[in-house]
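Trainee: Please pick the part of this model where strands pair and go through it closely. I would like one connected account, with the neighbouring pieces brought in where they touch on it.

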Amino acid sequence: IRCSGYERDDGLWDIEGVITDVKTYSFDTIDRGVVPAGVPIHEMHVRLTVDDKLTVHDIEASTELSPFKICPEIAGGVKKLVGERVVGGWTRTVQEKLGGVAGCTHIMQLILGPLATTVYQTVIPALAKRKRDAGIPEDKETKPGWLDSCYGWSSSGEMVKERFPKFYKPAAE
């Protein structure tokens, strides 16, 4: 899985991901025949276009390689995500709209985790940098949404104690 994020000239953000999987052995498929060792069985691409509020403006998916010839037919279903936001509840929304026979497991998994993470890691730090560069101080009075989202941002951890002391909670003994 490879993902990249780009700021566009129009102020939107393109987040692109590709998932490929390669086996170390050759095997038979119904539609492709023998897939030799080292040749991808799957190769799917997704481009997610979001704004600064993480609202999906567009999304495109393509299936370049798959075990079955029908697999590319479902890629257009990702358009159901236009208008949604990559925020809390994203996983539930993606599963409701693309889960099961309504989508492709590989494309859905790419959208759920790696692309959503890349959205955050691309957009949020860039917006914070813009504020810093404009001399706007960091808001330390509003609880950041990412607190308690991982070990590094634990409310009882050193990062929160140092950067957001108002929200620091010592760990229970």
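Mentor: Two strands count as paired if DSSP finds at least two bridges between them. By that rule S5 and S6 are a pair, joined in the antiparallel sense over eight bridges. Keep in mind throughout that this is a predicted model.

Start with the sheet as a whole. S5 and S6 belong to an open sheet of four strands, in the order S1-S2-S5-S6, with antiparallel pairing. S1 (2-7) and S6 are the edge strands; each has a single partner strand, so one side of each is left without a neighbour in the sheet. From one strand to the next, the twist averages 10 degrees. As background, strands of a sheet pair through backbone hydrogen bonds, either parallel or antiparallel.

Now the pair itself. S5 covers residues 40-50 and S6 covers 56-65. Two positions show how the strands are set against each other. Glu 43 has Leu 65 of S6 as its bridge partner, and His 45 stands opposite Ser 62 in S6.

The turn between the two strands comes next. The hairpin of S5 and S6 has five residues between the strands, and one of its features is Leu 54, with a positive phi near 70 degrees. What makes that value worth a remark? Leu 54 is a residue other than glycine, yet its phi is positive. Most residues other than glycine have a negative phi. Leu 54 sits in the loop between S5 and S6. Its relative accessible area is 4%, so Leu 54 counts as buried. For comparison elsewhere in the chain, Asp 148 is not a glycine either and has a positive phi of about 65 degrees. Asp 148 belongs to the loop between H2 and helix H3 (158-163). Asp 148 is partly exposed, because its relative accessible area is 48%.

The loop of the hairpin also holds Asp 52, which forms a salt bridge with Arg 130; their closest N and O atoms are 3.4 Å apart. Arg 130 is in helix H2 (residues 105-133), so this contact ties the loop between S5 and S6 to a part 78 residues away in sequence. Both partners are partly exposed: Asp 52 has 32% relative accessibility and Arg 130 has 36%.

On the strand side, Asp 58 takes part in a salt bridge with Lys 79, the closest N and O atoms being 2.5 Å apart. This pair also links distant parts of the chain, since Asp 58 is in strand S6 and Lys 79, 21 residues away, is in the loop between S6 and H1. Lys 79 is partly exposed at a relative accessible area of 41%, and Asp 58 is partly exposed at 25%. Returning to the hairpin loop, salt bridges with shared partners join Asp 52, Arg 130 and Glu 7 into one network. Across the whole structure, a search finds 12 salt bridges.

How does H2 lie with respect to the sheet? H2 lies across S1, S2 (13-22), S5 and S6, and runs at about 145 degrees to S2.

One more residue of S6 deserves a look, namely His 57. Is His 57 buried or exposed? It falls in between: 40% relative accessibility makes His 57 partly exposed. Apart from neighbours within four places in sequence, His 57 is in contact with Leu 12, Thr 49, Val 50, Asp 51 and Val 82. Gly 33, by contrast, is 24 residues from His 57 along the chain, and their C-alpha atoms are separated by 38 Å.

Finally, what follows S6 in the chain? The loop between S6 and helix H1 (90-98) contains Phe 68. Phe 68 has 38% relative accessibility and therefore counts as partly exposed. Together with Ile 30 and Ile 70, Phe 68 forms a nonpolar patch on the surface, with about 330 Å² of accessible area for the three together.

Terms used:
Residues numbered from 1 in each chain as written. Predicted model: local features only at pLDDT ≥ 70, side-chain atom pairs only at ≥ 80, totals over all residues. Heavy atoms only, no water. Patch = residues over 30% accessible without salt bridge, like charges linked within 9 Å, V, L, I, M, F, W, Y side chains within 5 Å. Areas by Shrake-Rupley, 256 points an atom, 1.4 Å probe, with all protein chains shown as cover. Salt bridge = Lys/Arg side-chain N within 4 Å of Asp/Glu carboxyl O. Buried < 20%, exposed > 50% of the residue type's maximum accessible area, 1.4 Å probe, protein only. Axes fitted to C-alpha atoms, helices over the stretch in contact; angles between N-to-C directions. Contact = heavy atoms within 4.5 Å.
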